[in-house]
Amino acid sequence: MAKKPITRKPSKTPTDLSPDQPLSGQSPRQASPLPDDVEISPSYAQVQGQGGETHQTATNGAPVLTTQQGVPVADDQNSLKQGARGPTLLEDFHFREKIFHFDHERIPERVVHARGYGAHGFFELTESLADISRADIFQRVGERTPVFVRFSTVAGSKGSFDLARDVRGFATKFYTKEGNWDLVGNNIPVFFIQDAIKFPDLVHAAKPEPDRMFPQAQTAHDNFWDFISLTPESMHMVMWIMSDRAIPRSFRTMEGFGVHSFRLVNTEGQSTFVKFHWKPKQGLQSVLWNEAVKINGADPDFHRRDLWDAINGGDFPEWELGVQLFDQAFADKFDFDVLDATKIIPEEILPVRSIGRLVLDRVVDNFFAETEQVAFCTQNVVPGIDFTNDPLLAGRNFSYLDTQLKRLGSPNFTHIPINAPKIPVANFQQDGHMAMTNPKGRVNYEPNSWGVTLGGPREDPVRGFRSYADEADDAKLRIRPESFADHYSQARQFYISQLPIEQKHVADALVFELSKVERPDIRSRMVSHLRNIDENLAATVAEGLGLPQLPAPAQAAVATRTDLPPSDALSIVKNGPASFRGRKLGIFLSDGADAALFAALVKAIDKIEAIYEVIAPNIGGVTLSDGTKVAAKQKVDGGPSVLFDAVALVISEEGAALLATDAATQDFVRDAFGHCKFIALTAAAQPIFIKSGIADDLDEACIPLTSAKDAAAFVDQLGVLRHWPRELKVDLDAK
Ligand code: HDE
């Protein structure tokens, strides 16, 4: 006799909090709401009615689970079998469709910038550019334009970690009233190469090596440095990626740059060159390399979680859009070329004029639909914004459309909501895979004589986009102009603009990366370039690598200029935040911890609109000295100090006795100390510092917590973020 088939009933998970629920272990603005229905039910499945029809309703009131054809499903747990133990039947169209769809869920990841994270927001014009550009978005002060921004790393694949040492993409799609404008920039204002024809080689060299397919998301390997050491034009970019710009604390604490010189064109057809800048209102902030490595293990999603939490907590990240505007006569004064994407125009020479603000205030509803399918194209410009002859930009204008077809599979990728303009589209393009917005009527060509109502859209010579009438009359050549030949002067300018501690980080990063390079000749060749940038830097790196002797300087097409002055705008530390606002304090509590001190810390943190998270010996939380229960956000070995901008240890004697020998706790304090963070500690926490071997080294940024006043004073200092003098004491490379 056939056995009775086993069916699984949907189980219920209780959603109401137990009455003795402890205090939350994190700032309330960060806490995510509990779902009101966590029942295992069909409600997560596709419930969107096409065109607003009402759903078929199940007996419990939820929408009925259906196939893609809308057929109601009775059993989604068991495939159709001949008898309880099979065979499984081919006629099971529901099972077939479900698996078929699943098998096709993935689309190719981006060939570069695969790992990214996006959010919605708006751009608000604060200063009119009407005299300089006819672009609608730059006309009316106070007007808001919807935007979608995607941040990314470059080299790693989609599942790689966030804190790779890498350039970050900063791509913005402006849904303007005259169509979509995409400003597809990076967090570094220059690029590795001057001509797009070298891009495939650059990317091949940076990605995992093709035979072994490692290392993932790292430039610390032979192929990358081999290519770079043979490409002197990369040297300015190398200074930037070896600086802490390549390990930002958060997307919110990075600058963004359009990199190329673009043009703005006004109603008279006059052109002004422009370089675009995004300046974070949050101030610049990066992490240390040792910290980055550990964050990648503790929370590979550190940057996406940070953006998600900030926006959901109501702390909307904001950037100013700035422009550097100049004309040909100004450009001609430089001995470098403004068409060369390996050069900047220092802000001290041409100040950045702020014309608007970007606010990100809404996370995506669906990662795939929005962040994964968003298709940026540098050639998406609007009337009033135009290209220059930067040869890198020209290559990009070709590449991005191509890549969208590859990834999204159809020329109709513009029909996907995240890519569609928010204004009507009218043309005679038609058909193709997955065409979603289809023209009606008989006429699909022009010119036609069907009249205004039936004949469809027409060109508008006045409103329409007209390319700037740039004149060119030259021979066809494969050649790089002389004006692109100086590869070292601005690299040097960047280096000398850094504070000593930042210069140390550049040297450390070079030593780290080149120490992973197996071939000594490549290491040495890199040092030969550094000699053209700064002799001290070259000597420090050579020593760090243990080179037997300094190689001769690389041959330079143009000798390095040593008269370019330092630029404060290039330092991260000089452009840090005004306060600890929006940053995260980790409060490590133990049972019996002083309730008043904890309350004082929380109060001070709330006052400056920062956030906190409680770390405890276990996730169940702790009971404070006054009997209050506090839930933990992190168990200590899941919440290492690298996740926080500063830490406070409010520990009781009994807590210290329990924790002093715990390896995770010791790592917590040693890392906070080694990473130059501000640390507050109760007297009872001392045994932890003793056992961790740092009790004798505590300095003025390790602040004793005895009273509520101490807690407030500690929080007041946190805007400095790091106690840099400590680094020189804890790092072998500094000795
Ligand atoms: Fe890109 N780049 N790129 N790039 N790029 C892509 O387009 C390319 C360059 C940048 O969040 C690709 O949609 C070439 C500079 C960002 O979706 C591809 C060259 C800058 C993003 C492509 C460059 C960028 C991309 C891959 C050399 C800074 C991510 C997927 C001429 C100004 C956008 C895609 C997003 C993505 C080509 C150089 C920024 C293959 C040929 C310089 C932020 O089309």
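These are my notes on the ligand shell and one helix pair in a predicted model.

**Ligand shell**

I looked up which residues surround the ligand. There are 22 of them, and R110, R150, R396, Y400 and Q404 come nearest.

I then sorted the shell by residue class. Eleven of its residues are nonpolar, eight are polar and three are charged.

**Polar contacts to the ligand**

I noted polar atom pairs between side chains and the ligand. For R150, a polar side-chain atom sits 2.6 Å from a ligand oxygen atom. For S399, an N or O atom of the side chain is 3.0 Å from an oxygen atom of the ligand. R396 pairs with a nitrogen atom of the ligand instead, its side-chain N or O atom being 3.4 Å away.

I next asked which elements give two or more residues to the shell. They are β3 (168-176), β4 (179-186) and α9 (391-408). Of the elements, α9 gives the most, with six residues.

**Helices α13 and α14**

I turned to the packing of α13 (residues 520-533) against α14 (residues 535-545). Their axes are 6 Å apart and make an angle of about 160°. Angles over 145 degrees count as roughly antiparallel, so I recorded α13 and α14 as roughly antiparallel to each other.

I listed the residues that make the contact. From α13 they are R523, V527, L530, R531 and I533. From α14 they are E535, L537, A538, V541, A542 and L545.

What is the make-up of this contact by residue class? I find eight nonpolar residues, three charged and no polar ones in the contact of α13 with α14.

Methods
Residues numbered from 1 in each chain as written. Predicted model: local features only at pLDDT ≥ 70, side-chain atom pairs only at ≥ 80, totals over all residues. Heavy atoms only, no water. Near = heavy atom within 4 Å. Polar contact = N/O pair within 3.5 Å; in protein donor to acceptor, adjacent residues only side chain to side chain. Helix = DSSP H or I, 4+ residues; strand = E, 2+ residues; numbered from the N terminus. Nonpolar A, V, L, I, M, F, W, Y, C, P; charged D, E, K, R; others polar. Axes fitted to C-alpha atoms, helices over the stretch in contact; angles between N-to-C directions. Parallel < 35°, antiparallel > 145°, perpendicular 65-115°, else oblique. Contact = heavy atoms within 4.5 Å.
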